[in-house]
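User: Please take a close look at one part of this model and describe what is around it. I would like a connected account rather than a list.

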Amino acid sequence: MTNRINALRENLANEGYGAFISLAPATNQYLAGFNGTTSAILITPEEALFLCDFRYTEQAQEQVHGYTIREVKGKLGVRLAEAVLERSLTAVGFEPHYVTVDELNTLQATAGKVFKEASETVSALRSRKDEAEIAKVRAASELAEGVLEDLLPELRPGITERELAARIEYEFKMRGASGPSFDTIALFGARSSLPHGQPGDRALQDGDVVLLDFGCRREGYCSDLTRTYAFGRIPGEWFQQIYELTLAAQRQAIEAVRPGVSCRDVDAAARDIISEGGHGRHFGHGLGHGVGIEIHEAPRLNPETTAVLEAGMVITIEPGIYVPGQGGVRIEDLIVVTQEGCNVLTRTQKELRVLSP
Ligand code: ZN
Ligand code: ZN
């Protein structure tokens, strides 16, 4: 963890921060290697302090290296603020997307108004993965793909969306994942037009669209994958059309991925193809997102972002076309940005596949 602490210290110094605090599990996993849910860290130019309560002391002693570990009682935020106060720190950076208003009030009540928003200090570091992190995302992705390949031949008419989602998540744990990286999306028929629909009681029928978006978490890292199938037979000409268009857009966007390219341009590479195909209004979400300790993290790929791709980033490319009342298609792969361009981690077939009942 020493490399990460030092990289953070360099960022803090460059941007005029005197120290950094975090109460966020994702940040504390990244900076301290701790995978518990409740902890606090304080990083100053000279010190790295890790605070937790009795429940986590043993775990912290195993997992956390490069920090002074201190077991504390009472409210963690107050103890953290006291540590800030004792050291007379100023311009103490915090991540505004993780700290609640309540937590900030608690911190300020003890240490005063010494806290300063630092939105990108850690997220920028986290967005560029090292080899070990990429290997973990790849392993999580391979695990999820294995589950998909084994379950597809078993699909029979009558299984409900919820049952299929449950089967997928059960297999994750049986194969060594800690669980799904987000709630599994399994949608049949016209319900596939709901980009983030919740699996329900809809039973699978011949001629259905089957849209599956899922991933697992393994060794603290997430995977993310979407495939869309036809069950039994192709639901109609319209489906074939939007499938081919989505696939062409997805491939075009992957072609555009390399260091130095703006995330907005990658988004546009896919969006232009879908718009030219007459379905612009049916692609209402961003093209993709970073994946790592969290399922959605920096960078975001959408028409508004100012983010630029860098080597080591792990992102999804997931265009979709959703025709209300009829059905939808989304195709999502995990991609690593490399010095030369990119590597597609996802291996599962993405040409249109008709599943046999
Ligand atoms: Zn997904
Ligand atoms: Zn995704």
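Which residue in β11 is the bridge partner of Arg217? Please start from that pair and work outwards through the metal site, then describe the rest of the chain as far as it helps.

Analyst: The bridge partner of Arg217 in β11 is Cys222. The model is a predicted one, and what follows should be read on that footing.

Arg217 and Cys222 belong to the pairing of β10, residues 216-218, with β11, which is antiparallel and runs over two bridges. The two strands are part of an open sheet of three strands in the order β7-β10-β11, again with antiparallel pairing. Its edge strands are β7 (179-180) and β11 (221-222), each of which pairs on one side only.

The metal site comes next. Asp224 sits in the loop between β11 and β12 (225-231), and this residue bridges the zinc ion (ligand 2) and the zinc ion (ligand 1). The two ions are 3.1 Å apart. Asp224 has a relative accessible area of 3% and is therefore buried, the cut-off being under 20%.

Around the zinc ion (ligand 1), the protein donors are Asp213, which is listed with two OD atoms, Asp224 through OD and Glu332 through OE. These donors lie 2.0 to 2.8 Å from the ion. The spacing of the donor residues in sequence is D-x10-D-x107-E. The arrangement is irregular because the four donor atoms subtend angles of 52 to 150 degrees, whereas a tetrahedral site would need all angles between 85 and 135 degrees.

The zinc ion (ligand 2) is coordinated at 2.1 Å by Asp224 (OD), His289 (NE2), Glu318 (OE) and Glu332 (OE). Along the chain these donors follow the spacing D-x64-H-x28-E-x13-E. Asp224 and Glu332 bring distant parts of the chain together, being 108 residues apart, with Glu332 in the loop between β17 (327-330) and β18 (333-337). Glu332 is buried, at a relative accessible area of 0%. The site of the zinc ion (ligand 2) is irregular too, with angles of 78 to 151 degrees among its four donor atoms.

On the scale of the whole chain, the protein is divided into domain 1 (2-126) and domain 2 (131-355). The C-alpha centres of the two domains lie 34 Å apart. Their interface involves seven residues of domain 1 in contact with seven residues of domain 2. Between them the domains bury about 590 Å², of which 42% is on carbon and sulfur atoms.

For a second local view, consider strand β3, residues 48-52. Five of the five residues of β3 are buried, so the strand is largely enclosed by the rest of the structure. In a regular strand the side chains alternate between the two faces of the sheet. In β3, Ala48, Phe50 and Cys52 are on one side, Leu49 and Leu51 are on the other, and all of these are buried, which leaves both faces covered.

The partners of β3 are β2 and β4. Strand β2 (residues 40-43) runs antiparallel to β3 and is joined to it by four bridges. Ile41 stands opposite Phe50 in this pairing, and a hairpin of four residues connects β2 to β3. With strand β4 (residues 68-71) the pairing is parallel, also over four bridges. There Leu49 stands opposite Thr68.

Cys52 of β3 also leads to a helix. Thr57, in helix α3 (residues 57-63), is in contact with Cys52 and Glu71, leaving aside its neighbours within four places in sequence. Thr57 counts as buried because its relative accessibility is 13%, under the 20% limit.

To return to the starting point, Arg217 and Cys222 are bridge partners, and Asp224 lies in the loop between β11 and β12. Asp224 coordinates both zinc ions, and Glu332 appears among the donors of the zinc ion (ligand 1) and of the zinc ion (ligand 2).

Notes. Residues numbered from 1 in each chain as written. Chains lettered and ligands numbered in written order. Predicted model: local features only at pLDDT ≥ 70, side-chain atom pairs only at ≥ 80, totals over all residues. Heavy atoms only, no water. Pairing = 2+ DSSP bridges. Donors = N, O, S within 2.8 Å, 3.2 Å for Na, K, Ca; no water. Tetrahedral: all angles 85-135°; square planar, octahedral: opposite > 155°, others 65-115°. Buried < 20%, exposed > 50% of the residue type's maximum accessible area, 1.4 Å probe, protein only. Domains from an automatic or database assignment. Contact = heavy atoms within 4.5 Å. Buried area = accessible area lost by both parts, 1.4 Å probe.
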